[in-house]
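Here are my notes on the model, as numbered points. Please read them with the structure open.

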Amino acid sequence: MIDMRRTMSVFVLLVVMILLFSSLMSNSSDFELERTEQQLPDVTITNLTFSQSEPKEGENITIFVTLRNNESFPITDLTIRLVNLRLEQNISEKQVSIDENDEKTIDFNWTAQGGSNSISALLIPEVVDLEEPIDSMSKEIWVEPEPIGDVYSPLFALIFIFIVIFGSVIIPSIFAFLTNRDPSQEKD
Amino acid sequence: MKSIMEDISEDVKNTCLTVSFELKKHFRMKRMIISFALAIGLPLIFYIVPRIWASFPDTAEEFANLNLSFVNLLIIISGSLFAGDSVVGEFEEKTGLLLFSTPQRHSTIFIGKYIGALLPTLAVVSIYYLTTSLEIIGIYGTGGISIEFFKSFFIALVYTTSAVSLIFFFSSILKRKITSTLLGFFSLMMILPITSSVLQFLVDVEPWYILTYFEGLITDVFVGAGPIGGGPEGQPGQFSPDFYTGLIVMVLYTLILFSVGVFMANRRRME
């Protein structure tokens, strides 16, 4: 009987502890969320455009990133980072400040790289321990690559290979003729 | 004593005979059907799947780049299939006892075998490109077929000749069909690409003398020759293959390995 009571008490204690821990955890996560939301400014990227829609490889083009501050106070410590997702390269980054309820366009220079490029603008506030951007926008742009090589060289290379390979069939006969040997002697 | 013209015509006839025999052998062993089916089936995936579940790329170049990035794999598979056992098979299965006793110059047998392996591989690549071109015309119209497409096609054919030469060379020097086929396949698939990557990313040396370093030229013509990826964490390296160097290397690989292969096969004797 005593054992039964002891078991019940331990069980109840365990349940109470679990409930308390869960409640504490939920409170603390609410607190964290609240704190983060308070610190993150309400700034968004509203547009990402290119100075040319069909650039060629090597051309310098300008990328425009438009930001909007929805807060009622100015924000001074924002970083805009431009990334080429295809090559996983940082293009550039700029520190910007923006007035309250205002919109601002920042321009970046980029030397276009051939092929399909995915350009992404990341908005990173100077908040302690925040690694993720608060907003981002990506756009695909096709850059006409600088032509490499020409069509005739591989064609001539192919013809040359065929000539040598097919020509090698007759080389033993010519060699035998030049050395005045009876070709029939070399057959085996 | 025969005249030189008679001798040449006989050699040409004998080579043609070997080529036709090799082609019949590939056909009889269903190698041709398998590789032709792959050459039609693989590019069709790039057409059917986006048609049903997604959308096609914006430009014909992007589509061709995506589609033809797998042609290397087909070249390696069909090259190993057709050239892997071309010479070594005669020695391993002792069929050479019958073949080499015929009054035919041995070099014409081996050159015929090489051509007999090369022609179906070139045909497979051509069918792949034909299927892709029909898809491009179907999606983007005839304007989608650019000069870059033909450039890529010719580079793929030159690369095919060098890949077949490499596998033919292994077939000439090794003793077992399976070893020759696997070594040819894995050389082009893994050994050479890994060596190339190690040289590029760890030693900082441009591996311009490695054949597979230039395989990317097949699709680079569509998107430009950028640095090759595949370094630590997939980052691009500092080297990019040069078009003309690539062509010269491919031609040299083809001719040197073909010549050495024929020479070594000529010197081999039945055990």
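1. Start with helix α4 of chain B. Of its 13 residues, 10 are buried, so α4(B) is largely enclosed by the rest of the structure. The threshold behind that call is under 20% relative accessible area. This is a predicted model, so the burial is a property of the prediction.

2. Which residues of α4(B) are buried? The list runs V71(B), N72(B), L74(B), I75(B), I76(B), S78(B), G79(B), S80(B), F82(B) and A83(B).

3. The length of α4(B) checks out. The helix covers residues 71-83 of chain B. At 1.5 Å a residue, its 13 residues should span 18 Å, and the end C-alpha atoms lie 17 Å apart, so expectation and model agree.

4. Helix α1 of chain B passes the check too. It takes in residues 4-28, which is 25 residues. The expected span is 36 Å at 1.5 Å a residue; the end C-alpha atoms are 36 Å apart, which agrees.

5. Burial along α1(B) is spread over its sequence positions as follows: D7(B), I8(B), D11(B), N14(B), T15(B), T18(B), V19(B), E22(B), K25(B) and H26(B) are buried. For reading such a list, recall that an α-helix has 3.6 residues a turn, so residues three or four places apart point the same way.

6. What covers the buried residues of α1(B)? From chain B, the cover includes α2 (31-53), α4, α5 (88-92) and α7 (106-140). Chain A also takes part, through α3 (171-178). Beyond the helix, note K30(B): this residue follows α1(B) and has a positive phi, near 65°.

7. Now chain B as a whole. It has 11 helices and 0 strands. Read along the sequence, the pattern is α-α-α-α-α-α-α-α-α-α-α.

8. The overall dimensions of chain B hold up. A compact globule of 271 residues would have a radius of gyration near 18 Å; chain B has 20 Å, which agrees. Along the principal axes, its C-alpha trace spans about 65 × 45 × 35 Å.

9. Burial and contacts in chain B: 52% of its 271 residues count as buried. Take the contacts between residues at least 6 apart in sequence; 79% of them join residues at least 24 apart. The chain exposes about 11,900 Å², with carbon and sulfur atoms supplying 70%.

10. Chain A has 3 helices and 7 strands. Its order along the sequence is α-β-β-β-β-β-β-β-α-α. Of its 188 residues, 31% count as buried. Among contacts between residues at least 6 apart in sequence, 64% join residues at least 24 apart. Chain A exposes about 12,000 Å², and carbon and sulfur atoms supply 57% of that area.

11. In which order do the strands of the open sheet in chain A run? The order is β4-β3-β6-β7, with 4 strands and antiparallel pairing. Strands β4 (89-98) and β7 (135-143) of chain A are the edges, each pairing on one side only. Neighbouring strands of this sheet are turned by 20° against each other on average, direction ignored.

12. One pairing in that sheet deserves a look. Strand β6 of chain A (residues 115-125) pairs with β7(A) in the antiparallel sense, over 9 bridges. In β7(A), S136(A) is the bridge partner of L122(A).

Terms used
Residues numbered from 1 in each chain as written. Chains lettered and ligands numbered in written order. Predicted model: local features only at pLDDT ≥ 70, side-chain atom pairs only at ≥ 80, totals over all residues. Heavy atoms only, no water. Helix = DSSP H or I, 4+ residues; strand = E, 2+ residues; numbered from the N terminus. Expected span 1.5 Å × (residues − 1). Buried < 20%, exposed > 50% of the residue type's maximum accessible area, 1.4 Å probe, protein only. Pairing = 2+ DSSP bridges. Axes fitted to C-alpha atoms, helices over the stretch in contact; angles between N-to-C directions. Rg over C-alpha atoms; globule rule 2.2 N^0.38 Å. Contact = heavy atoms within 4.5 Å. Areas by Shrake-Rupley, 256 points an atom, 1.4 Å probe, with all protein chains shown as cover.
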